[in-house]
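The following exercises practise the reading of a protein structure. Please study the sequence and the structure, and attempt each task before turning to its solution.

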Amino acid sequence: MTTTATTDHIEFTATMVRLYVFLTQYLDRCVNEAARAPFPEAALQAHLAATRGQLLDIMAVNPVVKSKVAEECNRVLALGAACLKGEGNKAAAFEALNAEREILRNKTIARSDLLAVFRAL
């Protein structure tokens, strides 16, 4: 792999890891008041929006994957917003939120491992 390709892969993977970390933090804040205290909501939303925008720009080369990531972000943000507003069945919303958090956790772990490999090249 060329140095430029390696750098591009590292940037892309690091951005994906950041996105999943911010999405997970967003969901954590929905169920845990203490998670909101150390990091202001406006700062989290700004970081999340900037990272999402950066990642979607990178993914412009593959509209299918870009669409999947955009849909995932929208789903997570809508789930969190619904939980914060207390809409619908709380038990079902909490179950869906926990399932989504687990998916994000697994994706973060996988991409973190991949990032470590790219950095070691």
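**Exercise 1. Overall architecture**

What percentage of the 121 residues of the protein count as buried? Describe also the secondary structure and the dimensions of the protein.

*Solution.*
Step 1. The model is a predicted one, and 30% of its 121 residues count as buried. A residue is called buried when its relative accessible area is under 20%.
Step 2. The protein contains 5 helices and 0 strands, and its pattern along the sequence reads α-α-α-α-α.
Step 3. Along the principal axes, the C-alpha atoms occupy a box of roughly 50 × 30 × 25 Å.
Step 4. The exposed surface amounts to about 7,000 Å², of which carbon and sulfur atoms supply 61%.
Step 5. Among contacts with a separation of 6 or more, 72% are made by residues 24 or more positions apart.

**Exercise 2. The nonpolar core**

Which residues have the most contacts inside the largest nonpolar core, and which helix gives the most to this core?

*Solution.*
Step 1. In soluble globular proteins, nonpolar side chains tend to be buried together.
Step 2. The largest nonpolar core of this protein comprises 20 residues, and Leu-19, Leu-23 and Val-69 have the most contacts inside it.
Step 3. At least two residues of this core come from each of helix 1 (3-31), helix 3 (41-58), helix 4 (63-85) and helix 5 (90-120). Helix 1 gives the most, namely 8 residues.
Step 4. Take Leu-23 as an example. Once neighbours within four places in sequence are set aside, Leu-23 is in contact with Leu-48, Cys-73, Val-76, Leu-77 and Leu-104.

**Exercise 3. A residue in a loop**

Is Ala-37 buried or exposed? State where it is found.

*Solution.*
Step 1. Ala-37 is found in the loop between helix 2 (33-36) and helix 3.
Step 2. The relative accessible area of Ala-37 is 67%. The limit for an exposed residue is over 50%, and Ala-37 is therefore classed as exposed.
Step 3. Compare positions in sequence and in space: Ala-37 and Ser-67 are 30 residues apart in sequence, and their C-alpha atoms are 33 Å apart.

**Exercise 4. Charges and salt bridges**

How many salt bridges does a search of the whole structure find? Examine those that involve Arg-101 and Glu-72.

*Solution.*
Step 1. There are 14 positive and 13 negative side chains, and the centres of the two sets lie 1 Å apart.
Step 2. Side chains of opposite charge can pair when their charged atoms come close. The search finds 6 salt bridges.
Step 3. One salt bridge joins the side chains of Arg-101 and Asp-28, with an N to O distance of 2.7 Å. Because Arg-101 lies in helix 5 and Asp-28 in helix 1, this pair ties together parts that are 73 residues apart in sequence. Arg-101 is partly exposed at 26% relative accessibility, and Asp-28 is partly exposed at 23%.
Step 4. Glu-72 is buried, at 4% relative accessibility. Its side chain meets that of Arg-75 in a salt bridge (3.9 Å, N to O). The two are 3 residues apart in helix 4, so about one helical turn separates them. Arg-75 is partly exposed, at 40%.
Step 5. Glu-72 also forms a salt bridge with Lys-107, whose closest N and O atoms are 2.7 Å apart. This pair links helix 4 with helix 5 across 35 residues.
Step 6. Through shared partners, salt bridges join Glu-72, Arg-75, Glu-100 and Lys-107 into one network.

Note on methods. Residues are numbered from 1 along each chain as its sequence is written. This is a predicted model: local features need pLDDT of at least 70, side-chain atom pairs count only at pLDDT 80 or more; totals for chains, interfaces and linings use all residues. Side-chain values use heavy atoms; hydrogens and water are left out. A nonpolar core is a set of buried Ala, Val, Leu, Ile, Met, Phe, Trp, Tyr and Cys residues joined through side-chain atoms within 4.5 Å. Buried means under 20% relative accessible area, exposed over 50%, partly exposed in between (1.4 Å probe, protein chains only). Helices (H or I, at least four residues) and strands (E, at least two) are DSSP runs, numbered from the N terminus. Contact means heavy atoms within 4.5 Å. Accessible areas come from the Shrake-Rupley method with a 1.4 Å probe; for residues, only the protein chains shown count as cover. Lys and Arg count as positive and Asp and Glu as negative; His and the chain ends are not counted. The place of a charge is taken as NZ of Lys, CZ of Arg, CG of Asp or CD of Glu. A salt bridge is a side-chain nitrogen of Lys or Arg within 4 Å of a carboxyl oxygen of Asp or Glu.
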